[in-house]
Amino acid sequence: MCDSVYNKSILVVTSTFPRWVDDTDPPFVMELCKRLAKEKINIDVLAPHASGTSEKEVMEGLNVYRYKYFFSKWELLAYDGGILANLNKNKWLYFLVPFFLFSQTRSLILQIKNNNYDLIHAHWLIPQGLISVFVSKYLCKDSPKILCTSHGSDLFSFQSPFFNKLQKWILTNSDGVTVVSEHMEKTCLQITNIVEKIHVCPMGVDLVTKFKPKENIKRDHYKILFVGRLIEKKGVVVLLNAIFKIIKKYPSLKLVIAGDGPERTKLENICKDLMISEHVEFQGAVLHSELPELYSSASISVMPSTGKEGLGLVAVEAMGCECAVIVSALDGVNDFIEDGINGILVNLGDEDALANAIDLLLTDKDKIARIALNGRKSVVKKFDWEVVANTYKKIIDSICE
């Protein structure tokens, strides 16, 4: 049983977790863990090692164990955009995959044998969910129950008969499954019938203390913001072409691109070719703690994705800061955006529609203000971390009964 101080003990297995204070990688796994820890749940985290990180440390009150899977300077598979993005960027990294899988499996077995966990919470079906189910089913007797969370890329990026069978096996053999959007729920149910154990529960955003309008910052009506990894599916090329179409009408317009990635040089060259470089500022990777001020300084935030996304928390962060959002009409965003009410939806890859949407908002200050206010009201009710953590606690309690 758990220590009497705690009601439960959970091992969180993830490939994305802050490596240090103010890491630029998304912190949502850590944020969920921190809030569950407040509910008298002991949380241990198992994550990949990376150069410059400790193999064992306490971070924000959480015990973090990082497994080494190669020489430190070559541990480049996780972080900085995620495993899939890194593999697409550098095919040589496929060489590390077997070492990564073996090290995670070995470390997971050791953690289970040395601790008495009630639950394993595996973030991403592949590889964490796969390894957790495999270890539980074949390698460890009396292993903890398993909750798998799919964030999107692990569900949509692996489209082949082989991976569909793997996904079905993971989903079927997990004790509980959470997904971040209703569209993902439908996708999982098309793979296998797990109605009784699947839950729609997005990751959260701190909308009460952090992602809210900063009163000391003046919002620039002609400032447009993009936040995200600079990879092809984020659709920044579409955004640049849309800006080109309206720049003559709005000579004061400024697009700020907050993020970094393999597409940056290509995007900078496109700006030169379109002769809009003076209107586009590449800020590079921005600390998560600095984003609220950045959102509060812009009037519009654009998420022009051209590929499938699980949900799109960037849009939620922007809406929390009363930044009007224009978002590609992805299936996942229908969970929280009503077109014309709390955001504007445009067809994927349609630069004309995106240009028209930006033009619509820039020419109607009342509309942009109304959408911004409605946006914050709508996301606070659903995405604030306290709401999300409470939902997760109920799910965990039901699995561990």
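**Entry 1: the parallel sheet**

I started with β10 (residues 254-258) and β11, which pair in the parallel sense over 4 bridges. This is a predicted model, and I kept that in mind throughout. I looked for one particular contact and found that A258 has G284 in β11 as its bridge partner.

Then I stepped back to the sheet these strands belong to. Which order do its strands take? I read it as β11-β10-β9-β12-β13-β14, an open sheet of 6 strands with parallel pairing. At the edges I found β11 (280-284) and β14 (344-346), each of which pairs on one side only. From one strand to the next, the twist averages 20 degrees.

I also checked what lies across this sheet. Helix α11 (residues 313-320) lies across β9 (220-227), β12 (298-303) and β13 (324-328). Against β13, I noted an angle of about 165 degrees for α11.

**Entry 2: the mixed sheet**

The other sheet I looked up has 8 strands and is open too, with mixed pairing. Its order is β3-β4-β2-β1-β5-β6-β7-β8. Which strands stand at the edges? I found β3 (56-59) and β8 (198-200) there; each has a single partner strand, so one side of each lacks a neighbour in the sheet. Ignoring direction, neighbouring strands here are turned by 25 degrees against each other on average.

I picked one pairing to follow up: β2 (residues 41-48) and β4 (residues 62-67) run parallel and are joined by 5 bridges. I noted that D44 has N63 in β4 as its bridge partner.

Next I looked at helices on this sheet. Helix α1 (residues 28-37) lies across β1 (8-13), β2, β3, β4 and β5 (119-123), and runs at about 160 degrees to β2. Helix α4 lies across β1, β5 and β6 (145-150), at about 165 degrees to β6.

**Entry 3: α3 against α4**

I stayed with α4 (residues 125-139) and looked up its packing with α3 (residues 97-114). Their axes come within 10 Å and cross at roughly 50 degrees. That angle is why I call α3 oblique to α4. The crossing is right-handed.

Which residues make the contact? From α3 I listed F100, L101, Q104, T105, L108, I109 and I112. From α4 I listed P127, Q128, I131, S132, V135 and L139. Sorted by class, this contact of α3 with α4 has 9 nonpolar and 4 polar residues, and no charged ones.

**Entry 4: α1 against α14**

Back to α1, this time with helix α14 (residues 385-400). I read an angle of about 70 degrees between them, with the axes 9 Å apart. This makes α1 roughly perpendicular to α14.

On the α1 side I noted F28, E31, L32, R35 and L36. They meet W385, E386, A389, Y392, K393 and I396 in α14. How many charged residues does the contact of α1 with α14 have? I got 4, beside 7 nonpolar and no polar residues.

**Entry 5: aromatic rings**

Last, I went through the rings and counted 13 aromatic pairs. I wrote one of them down in full: F70 and F99 are 5.1 Å apart centre to centre, with 65 degrees between the planes. That pair is edge-to-face. Where do the two residues lie? I found F70 in the loop between β4 and α2 (83-89) and F99 in helix α3, so the pair ties together parts 29 residues apart in sequence.

Note on methods
Residues are numbered from 1 along each chain as its sequence is written. This is a predicted model: local features need pLDDT of at least 70, side-chain atom pairs count only at pLDDT 80 or more; totals for chains, interfaces and linings use all residues. Side-chain values use heavy atoms; hydrogens and water are left out. Two strands pair if DSSP finds at least two bridges between them. Axes are lines fitted to C-alpha atoms, for helices over the stretch in contact, and angles run from 0 to 180 degrees between N-to-C directions. Contact means heavy atoms within 4.5 Å. Angles under 35 degrees count as roughly parallel, over 145 as roughly antiparallel, 65 to 115 as roughly perpendicular and the rest as oblique. A crossing is left-handed if the near helix is turned anticlockwise from the far one by less than a right angle, and right-handed if clockwise. Ala, Val, Leu, Ile, Met, Phe, Trp, Tyr, Cys and Pro count as nonpolar, Asp, Glu, Lys and Arg as charged, and the others, Gly among them, as polar. Rings of Phe, Tyr and Trp (its six-membered ring) pair if their centres lie within 6.5 Å; planes under 30 degrees apart count as stacked, over 60 as edge-to-face and the rest as tilted.
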